[in-house]
Amino acid sequence: MLKPPVLIIDPDVALQEILGEILKNRFRIFTANNIEESKTIMGGEDPHLIFIELVLPGEDAIQYIERTKKSKTNTQFIVITDNATVENAVTALRHGALDFLKKPFEIDDIARIDHARAELHARD
C-alpha cells in the first residue's frame, strides 16, 4: 500500500531533513523551500499533511492555508515557526491549521500531532 504524502514547506533544509527522518516510515515525504516551489513538487497529488513555516518569502503562509483548505478540505496543516506568539498561533488555528509548533520542537510533539491527526481522520 502506498504511504500517504506529506509536504514540508520550510527554507531550513536541516529542518526538512529532520522532519523527513521522523515521518518517513509512515509517509512519503516531499519538501519545498517556499510556497511557489511547493506548487510543482507534488505532481498534482494532494498531501494529507503539510508542515509549513509561518514566515516565508513570497506568499503569506496563512493565506496559503486558507486558500488551500477551500479546495483540499482533507489536507491538514501544521504551522512551524521561530516566531511563536499567542497571536500567531490563534491566527493559524482560526484559518485552518491543525496545530502550531514553536521551533525547536521535540519528536514527542510530532507524535502527539500525528495521533491527533489520526483521531480526526478516523472520525471522518
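These legends walk through several close-up views of one predicted model.

**View 1. Five strands line up in an open sheet.** Let's start with the overall layout. The sheet's strands follow the order 2-1-3-4-5, and their pairing is parallel. Strand 2 (28-32) and strand 5 are the edge strands, each pairing on one side only. If you go from one strand to the next, the twist averages 20°.

**View 2. Strand 3 pairs with strand 1 and with strand 4.** Here we look at strand 3 (residues 49-53) and its partners. Strand 1 (residues 5-9) runs parallel to strand 3, and 4 bridges join the two. With strand 4, also parallel to strand 3, there are 5 bridges. Leu 49 is a handy residue to find: Leu 49 is the bridge partner of Val 6, and Gln 76 in strand 4 is a bridge partner of Leu 49. Glu 53, in turn, has Ile 80 of strand 4 as its bridge partner.

**View 3. Strand 3 is mostly covered.** In a regular strand, side chains alternate between the two faces of the sheet. Follow that pattern here: Leu 49, Phe 51 and Glu 53 point one way, while Ile 50 and Ile 52 point the other way. Which of these residues are buried? All of them are, which fits the count of 5 buried residues out of 5 in strand 3.

**View 4. Strand 4 is covered on both faces.** On one side sit Gln 76, Ile 78 and Ile 80, and on the other Phe 77, Val 79 and Thr 81; all are buried. Why is strand 4 (residues 76-81) described as largely enclosed by the rest of the structure? Because 6 of its 6 residues are buried, where buried means under 20% relative accessible area.

**View 5. Strand 4 meets strand 5.** Strand 5 (residues 99-102) runs parallel to strand 4, and 4 bridges hold the pairing in this view. To find your way along the pair, look for Ile 80 opposite Leu 101 and Thr 81 opposite Lys 102.

**View 6. Strand 4 takes part in two β-α-β units.** One right-handed unit is made of strand 3, helix 3 (residues 61-71) and strand 4. Another right-handed unit is made of strand 4, helix 4 (residues 86-94) and strand 5. Try tracing each path from strand to helix to strand.

**View 7. An aromatic pair joins helix 3 and strand 4.** How many aromatic pairs does a search of the whole structure find? It finds 1. Tyr 64 and Phe 77 form this edge-to-face pair, with 6.0 Å centre to centre and 90° between the planes. Tyr 64 belongs to helix 3 and Phe 77 to strand 4, so the pair links distant parts of the chain, 13 residues apart. Both Tyr 64 and Phe 77 are buried.

**View 8. Helix 1 has a buried side and an exposed face.** Within helix 1 (residues 13-23), the buried residues are Leu 15, Gln 16, Leu 19, Gly 20 and Leu 23. These residues lie on the same side of helix 1 because they cover an arc of only 135° around the axis. Turned away from that buried side is the face carrying the exposed residues Glu 17 and Ile 18. At the N-terminal end, Asp 12 acts as a cap: one of its side-chain oxygens lies 3.0 Å from the backbone nitrogen of Ala 14.

Technical notes:
Residues are numbered from 1 along each chain as its sequence is written. This is a predicted model: local features need pLDDT of at least 70, side-chain atom pairs count only at pLDDT 80 or more; totals for chains, interfaces and linings use all residues. Side-chain values use heavy atoms; hydrogens and water are left out. Buried means under 20% relative accessible area, exposed over 50%, partly exposed in between (1.4 Å probe, protein chains only). Helices (H or I, at least four residues) and strands (E, at least two) are DSSP runs, numbered from the N terminus. Two strands pair if DSSP finds at least two bridges between them. A crossover is right-handed if, with the strands pointing away from the viewer, the path from the first strand over the helix to the second runs clockwise. The arc is that of the directions from the helix axis to the C-beta atoms. A polar contact is a pair of N or O atoms within 3.5 Å; within protein, one must be able to donate a hydrogen and the other to accept it, and residues adjacent in sequence count only if both atoms are side-chain atoms. Rings of Phe, Tyr and Trp (its six-membered ring) pair if their centres lie within 6.5 Å; planes under 30 degrees apart count as stacked, over 60 as edge-to-face and the rest as tilted. Axes are lines fitted to C-alpha atoms, for helices over the stretch in contact, and angles run from 0 to 180 degrees between N-to-C directions.
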